[in-house]
Amino acid sequence: MEYVTLHNGVRMPQLGFGVYQTPPEETQRCVSDALEIGYRHIDTAQAYNNEEGVGAAVKTSGIDRQDIFLTSKVWFYKEGYTAARASIDESLKRLDTDYIDLMLVHQPFGDYYSTYRALEEAYEAGKLRAIGVSNFYPDRLVDLCEFTHITPMVNQVETHVFFQQQEARPFMDQLGIIHESWGPFAEGINDFFTNPTLSGIAEKYGKTVAQVALRYLIERGVVVIPKSTHKERMAENFNVFDFQLSDADKETIALLDTHHSVFLDHRTGETAQRFAGFAR
């Protein structure tokens, strides 16, 4: 396993296991399988409604809690700070743990300043080992950093070969914020798994398209959290530390970047309206 070190000194496994859209009734089994394979970084969120399954899998795994890196995310609430503060304690209960390794503000909408203030407070109280944000693009990320006490340690944003965040990454680097990817396989959009460029490179290394895509991000210093409900795929995604891409292959993959989201643009008015509706 390879690690990144957050700016507060906490070490974070660079490869994790995500449970977005994993049904609550399947979550414990999936996370247990991932831990058995060797994953030690599990990513969930309040909005996924499966924190309990993650906590149960960790509790019954037989692995020391300190050897597992747990990430969750605070949703945004109309009540801002008060609701966010309470929700952190609720996540601790659902995960059945005394602390969470990384807690993120899930979306750059609503009163995210107050939400982040609740994370800062919980961090200083020892409930959280690290704090950060998700889906914050340079404008909001820089603004948040200018008006908060603790600089976020991580920014989790859509990142895959078709949207590599090449414009946003320099701002994260300048601020000392670790770049984390959600959706490293673009959820199969644009015929991801049969892409001719990726397929050709994968054949050279005796690897799969998924493994090449993960390796590309890892070699760029990005934290990745692929998701699968199939144990054999989990094992395949974990097996990405025994090869390195050539500079020429990395340059070729870089050309796949479309420089825009394949899902939704967090910076548009339409997206803001959509998420405001969720908060209501």
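Which side chain meets that of arginine 129 in a salt bridge? In this predicted model, the partner is aspartate 101, with an N to O distance of 2.8 Å. The two residues come from distant parts of the chain, 28 residues apart. Arginine 129 sits in the loop between α4 and β7, while aspartate 101 belongs to the loop between α3 (81-95) and β6. Their surroundings can be read from their accessibility. Aspartate 101 has a relative accessibility of 1%, so it counts as buried. Arginine 129, at 32%, counts as partly exposed. Side chains of opposite charge can pair when their charged atoms come close. The count of salt bridges in the model comes to 19.

The loops holding this pair lead into strands β6 and β7, so the sheet is a natural place to continue. Eight strands form an open sheet with parallel pairing, in the order β3-β4-β5-β6-β7-β8-β9-β10. At its edges stand β3 (17-18) and β10 (223-224); each has a single partner strand, so one side of each is left without a neighbour in the sheet. Further in, strand β4 (residues 41-43) runs parallel to strand β5 (residues 69-74), and three bridges join them. One detail to look for here is isoleucine 42, whose bridge partner in β5 is leucine 70. Helix α4 (residues 112-124) packs on the sheet, where it touches β5, β6 (102-105) and β7 (131-134). The direction of α4 makes about 155 degrees with that of β7.

Strand β9 deserves a closer look. Strand β8 (residues 154-158) pairs with β9 in the parallel sense over five bridges, and glutamate 158 has tryptophan 182 as its bridge partner in β9. Is β9 enclosed or open to the outside? Five of the five residues of this strand (residues 178-182) are buried, so β9 is largely enclosed by the rest of the structure. In a regular strand the side chains alternate between the two faces of the sheet. In β9, Ile178, Glu180 and Trp182 lie on one side, with His179 and Ser181 on the other, and both faces are covered.

Attention now turns to a pair of helices. The axes of helix α8 (residues 209-219) and helix α10 (residues 247-254) come within 11 Å and cross at roughly 100 degrees. The two helices are therefore roughly perpendicular to each other. Where they meet, α8 contributes Val212, Tyr216 and Glu219, and α10 contributes Lys250, Ile253 and Ala254. Four of the residues of this contact are nonpolar, none is polar and two are charged.

Salt bridges also occur within each of these helices. In α8, the side chains of glutamate 219 and arginine 215 meet at 2.9 Å, N to O. These residues are four apart in the helix, so about one helical turn separates them. Arginine 215 is buried, at 4% relative accessibility, whereas glutamate 219 is partly exposed, with a relative accessible area of 22%. In α10, lysine 250 forms a salt bridge with aspartate 247 at 3.8 Å, N to O. This pair is three residues apart, about one turn of the helix. Lysine 250 is partly exposed at 23%, and aspartate 247 counts as exposed at 55%. The two pairs belong to a network of salt bridges that links Glu2, Arg215, Glu219, Asp247 and Lys250.

Notes: Residues numbered from 1 in each chain as written. Predicted model: local features only at pLDDT ≥ 70, side-chain atom pairs only at ≥ 80, totals over all residues. Heavy atoms only, no water. Axes fitted to C-alpha atoms, helices over the stretch in contact; angles between N-to-C directions. Parallel < 35°, antiparallel > 145°, perpendicular 65-115°, else oblique. Contact = heavy atoms within 4.5 Å. Nonpolar A, V, L, I, M, F, W, Y, C, P; charged D, E, K, R; others polar. Pairing = 2+ DSSP bridges. Salt bridge = Lys/Arg side-chain N within 4 Å of Asp/Glu carboxyl O. Buried < 20%, exposed > 50% of the residue type's maximum accessible area, 1.4 Å probe, protein only.
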